[in-house]
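Hi everyone, thanks for coming. I'd like to walk you through a structure that is new to most of us, so have a look at it while I talk.

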Amino acid sequence: KLTSSNNRPREDSWLKSLFVRKVDPRKDAHSNLLAKKETSSLYKLQFHNVKPECLEAYNKICQEVLPKIHEDAHYPCTLVGTWNTWYGEQDQAVHLWRYEGGYPALTEVMNKLRENQEFVSFRKARSNMLLSRKNQLLLEFSFWNEPIPRPGPNIYELRSYQLRPGTMIEWGNYWARAIRFRQDSNEAVGGFFSQIGELYMVHHLWAYKDLQTREDIRNAAWHKHGWEELVYYTVPLIQEMESRIMIPLKTSPLQ
């Protein structure tokens, strides 16, 4: 008995449906599901690759100008931290800013800085010292620590993860539990995910007394029940990852 050819497309479609991953409908953007509700802060993360011979001069002008913006109530922004990369990409400066009030605050600061002649001169001088630069706009995870000023001396690790598109919610669900395993030594500084720039990027910022303390704290996590399972489930979500060890500048609120 021959099967009608009119039924074949329907049968093929049914067979294919068995192997197609079902996607649950989303009722909200992941930024609304994962970000802190009690604040509307936006963060900007800057990476500046400096000419090796200019790094000292670059640090000098940054330490002269950036704290003035941070301390001026005229600007709705604060400098969270400013560093040089010690291990990772060399001759690199990293700056993290917070804008209280989100995108309107960012626009307000940008417009006011265009009228600030000292900052205009600073940017012109800085441009001659740079090889390249990039930035990202970030939100902070609701379950992570608030990045507040801390005394030093510390070294800082910025761990950056490029996730597979569509996995941010899964990452957030797992790390909402995982962060509890990394609080014993007050090493967790802040956790962020990108909104503009490289998308599906996650940044975790940690503080340690030194490299050996970092090693000891990270090794201790593996002896806590549940940590290994969370690592097992989050690793497949990652496409690429990078670690930077950073030293804060003298004027950084995070020391």
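Let me start with a question: which strands does helix α3 lie across? Keep in mind that this is a predicted model. Helix α3, residues 55-71, lies across β1 (42-50), β2, β3 and β4 (130-140). Against β2, the helix runs at about 160°.

A second helix sits on the sheet too: α4, residues 103-114, packs there and touches β1, β2, β3, β4 and β6 (188-196). The direction of α4 makes about 120° with that of β3.

Now for the strands themselves. Eight of them close into a barrel, and if you follow the order you read β1-β3-β2-β8-β5-β7-β6-β4, with antiparallel pairing. On average, neighbouring strands of this sheet are turned by 35° against each other, ignoring direction.

Let's zoom in on one pair. Strand β2 covers residues 77-87 and β3 covers 92-99, and the two pair in the antiparallel sense over seven bridges. One of the residues to find here is Cys77, whose bridge partner in β3 is Tyr99.

Back to α3, which also meets helix α5, residues 117-127. Their axes come within 11 Å and cross at roughly 155°. Because of that angle, α3 counts as roughly antiparallel to α5. The crossing is left-handed.

Who makes the contact? From α3 we have Tyr58, Ile61, Cys62, Val65, Leu66, Lys68 and Ile69, and from α5 we have Glu118, Phe119, Phe122, Ala125 and Arg126. These contact residues divide into nine nonpolar, three charged and no polar.

Terms used:
Residues are numbered from 1 along each chain as its sequence is written. This is a predicted model: local features need pLDDT of at least 70, side-chain atom pairs count only at pLDDT 80 or more; totals for chains, interfaces and linings use all residues. Side-chain values use heavy atoms; hydrogens and water are left out. Two strands pair if DSSP finds at least two bridges between them. Helices (H or I, at least four residues) and strands (E, at least two) are DSSP runs, numbered from the N terminus. Axes are lines fitted to C-alpha atoms, for helices over the stretch in contact, and angles run from 0 to 180 degrees between N-to-C directions. Contact means heavy atoms within 4.5 Å. Angles under 35 degrees count as roughly parallel, over 145 as roughly antiparallel, 65 to 115 as roughly perpendicular and the rest as oblique. A crossing is left-handed if the near helix is turned anticlockwise from the far one by less than a right angle, and right-handed if clockwise. Ala, Val, Leu, Ile, Met, Phe, Trp, Tyr, Cys and Pro count as nonpolar, Asp, Glu, Lys and Arg as charged, and the others, Gly among them, as polar.
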